[in-house]
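Biologist: Please take a close look at the aromatic pairing in this protein, and set what you find there in the context of the fold and its surface.

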Amino acid sequence: RLISQRFGSDLVLRCDANRAWTLDEALTFADGVKGLEIEFIEEPVKDLADLEAFTRAQTIPVALDEHLSDRLRDTAAADVRERAT
């Protein structure tokens with residue numbers, strides 16, 4: 001909040017949790033920064049199974065690094081193939 005107050009809307013805030021937080025910790029962070037203009041948070045939760053719950057529970061856009069986005073893409077493709085058979 002102090003950084004945002006000091007620099008105002010001239011500063012773009014991006015956060016990267018590096019998959020360090022539990023779902024509860026990530027949601028606590030999201031609640032604590034409500035009202036700030038955050039462009040995105042990268043890798044907010046350590047367990048990818050919690051990613052959907054995090055995105056549904058708050059409004060900060062989520063970014064994934066290449067490794068995770070590729071992994072999720074591969075998982076989704078496998079799921080589609082499984083459902084098609």
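**The aromatic pair and its setting**

Modeller: In this predicted model, Phe29 has a relative accessible area of 24%, and it counts as partly exposed because buried would require a value under 20% and exposed one over 50%. Phe29 forms an aromatic pair with Trp21, the ring centres lying 4.9 Å apart, and the count of aromatic pairs in the protein comes to 1. The planes of the two rings stand at 35 degrees, so the pair is classed as tilted, given that stacked rings would need an angle under 30 degrees and edge-to-face rings one over 60. Trp21, for its part, is also partly exposed, with a relative accessible area of 23%.

As for the fold, the protein has 4 helices and 3 strands, which follow one another from the N terminus in the order α-β-α-β-α-β-α. Of the contacts between residues at least 6 apart in sequence, 52% join residues that are at least 24 apart. Buried residues account for 24% of the 85 residues, and the accessible surface amounts to about 6200 Å², with 50% of it belonging to carbon and sulfur atoms.

On that surface, Ile3, Phe7 and Leu11 form a nonpolar patch whose accessible area together is about 270 Å². Leu11 sits in the loop between helix 1 (2-7) and strand 1 (13-16), and its relative accessibility of 32% makes Leu11 partly exposed; because patches are made of residues with over 30% relative accessible area, Leu11 passes that cut-off.

How values were computed:
Residues numbered from 1 in each chain as written. Predicted model: local features only at pLDDT ≥ 70, side-chain atom pairs only at ≥ 80, totals over all residues. Heavy atoms only, no water. Helix = DSSP H or I, 4+ residues; strand = E, 2+ residues; numbered from the N terminus. Buried < 20%, exposed > 50% of the residue type's maximum accessible area, 1.4 Å probe, protein only. Contact = heavy atoms within 4.5 Å. Areas by Shrake-Rupley, 256 points an atom, 1.4 Å probe, with all protein chains shown as cover. Patch = residues over 30% accessible without salt bridge, like charges linked within 9 Å, V, L, I, M, F, W, Y side chains within 5 Å. Salt bridge = Lys/Arg side-chain N within 4 Å of Asp/Glu carboxyl O. Phe/Tyr/Trp six-rings, centres within 6.5 Å; stacked < 30°, edge-to-face > 60°.
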